[in-house]
Amino acid sequence: MRAALGEGGLAAASGDVPVGALVVTASGEIVGRGHNAREATGDPTAHAEVIALRDAASRLGNWRLSGTTLVVTLEPCTMCAGAAVLARVERVVYGAADPKAGAVGSLWDVVRDRRLNHRPEVVAGVLEAECAAALRVFFEGQRAGG
């Protein structure tokens with residue numbers, strides 16, 4: 001999660017919400033990295049999770065990311081939760097909950113919907129205070145005109 005926080009810092013540096021994500025193998029190897037890049041790219045799908053999943057699929061040569069863990073600093077939205085399901089990740093680990101848009105238990109629970117053919121394990125609240133603080137500092141700066 002600390003490496004994901006580092007990725008989030010890269011997003012903040014370019015004016016994006018500081019969310020970072022990693023895709024990690026069962027052996028602990030980071031095979032995908034991403035941070036929010038919507039502002040930097042003008043792409044509404046440039047969420048940290050989507051970028052990390054694309055990076056991992058490219059590096060591994062397969063869109064099926066079975067046996068991997070998606071680590072993200074903020075609870076994934078519906079698009080990112082759906083992407084995790086479609087990529088067949090084994091586990092989703094996130095830091096801060098997102099009560100306004102979270103789709104891994106807060107507002108919706110896409111990843112545990114029994115109607116889907118794949119349901120990743122969920123681990124919530126990892127370094128939650130640190131992840132939430134990064135977001136809080138960013139938005140305080142935005143409100144202050146920074």
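## Gln-142 in H5

Gln-142 sits in helix H5. The model is a predicted one. At 42% relative accessibility, Gln-142 counts as partly exposed, because that value falls between the 20% limit for buried and the 50% limit for exposed. Gly-15 is 127 residues away from Gln-142 along the chain. Their C-alpha atoms are separated by 9.3 Å.

## H1 against H5

Helix H5 covers residues 128–143, and helix H1 covers residues 2–13. The two helices pack with their axes 11 Å apart. The angle between them is about 10 degrees. H1 and H5 are therefore roughly parallel to each other, because angles under 35 degrees count that way.

Which residues meet where H1 packs on H5? From H1 come Arg-2, Leu-5 and Ala-12. From H5 come Glu-130, Cys-131, Ala-134 and Phe-138. By class, this contact has five nonpolar residues and two charged ones. No polar residue takes part.

## Asp-16, after H1

Asp-16 is in the loop between H1 and S1. Is this residue buried or exposed? Asp-16 is buried, with a relative accessible area of 2%. Leaving aside neighbours within four places in sequence, Asp-16 is in contact with Ala-11 and Phe-138. Asn-36, Ala-37, Arg-38, Glu-39 and Ala-40 also touch Asp-16. Phe-138 is one of the H5 residues that meet H1.

Thr-78 lies 62 residues from Asp-16 along the chain. The C-alpha atoms of Asp-16 and Thr-78 are separated by 19 Å.

## Helix H3

Helix H3 has 13 residues, 48–60. At 1.5 Å a residue, they should span 18 Å. The end C-alpha atoms of H3 are 18 Å apart, which agrees. After H3 comes Gly-61, with a positive phi near 70 degrees.

Several H3 residues are buried: Ala-48, Glu-49, Val-50, Ala-52, Leu-53, Ala-56 and Ala-57. What covers them? The cover includes three strands, S1 (20–24), S2 (30–35) and S3 (69–74). Helix H4 (78–86) is also part of the cover.

## Ala-56, a buried residue of H3

Ala-56 belongs to helix H3. At 0% relative accessibility, Ala-56 counts as buried. Apart from neighbours within four places in sequence, Ala-56 is in contact with Val-23, Val-31, Gly-32 and Leu-65. Ala-96 is 40 residues away from Ala-56 along the chain. The C-alpha atoms of the pair are separated by 23 Å.

## The largest nonpolar core

The largest nonpolar core has 35 residues. Val-19, Val-23, Leu-53, Leu-65, Val-71 and Val-89 touch the most other members. S1, H3, S3, H4, strand S4 (91–96) and H5 each supply at least two residues of this core. Which element gives the largest share? H3 does, with five residues.

Val-19 has contacts in several parts of the chain. Not counting residues up to four places away in sequence, Val-19 touches Gly-8, Ala-11, Gly-34, His-35, Asn-36 and Ala-48. Val-72, Thr-73, Leu-74 and Leu-135 are also touched by Val-19. Two of the Val-19 partners, Ala-11 and Asn-36, are also contacts of Asp-16. Ala-48 is one of the buried residues of H3.

## Positive phi outside glycine

Most residues other than glycine have a negative phi. Arg-88 has a positive phi of about 65 degrees although it is not a glycine. Where is Arg-88 found? Arg-88 is in the loop between H4 and S4. At 23% relative accessibility, Arg-88 counts as partly exposed.

Leu-127 is not a glycine either, yet has a positive phi of about 50 degrees. Leu-127 lies in the loop between strand S5 (121–124) and H5. At 25% relative accessibility, Leu-127 counts as partly exposed. Both Arg-88 and Leu-127 are therefore outside the buried class, because buried means under 20%.

Note on methods. Residues numbered from 1 in each chain as written. Predicted model: local features only at pLDDT ≥ 70, side-chain atom pairs only at ≥ 80, totals over all residues. Heavy atoms only, no water. Helix = DSSP H or I, 4+ residues; strand = E, 2+ residues; numbered from the N terminus. Expected span 1.5 Å × (residues − 1). Buried < 20%, exposed > 50% of the residue type's maximum accessible area, 1.4 Å probe, protein only. Contact = heavy atoms within 4.5 Å. Axes fitted to C-alpha atoms, helices over the stretch in contact; angles between N-to-C directions. Parallel < 35°, antiparallel > 145°, perpendicular 65-115°, else oblique. Nonpolar A, V, L, I, M, F, W, Y, C, P; charged D, E, K, R; others polar. Core = buried A, V, L, I, M, F, W, Y, C linked by side-chain atoms within 4.5 Å.
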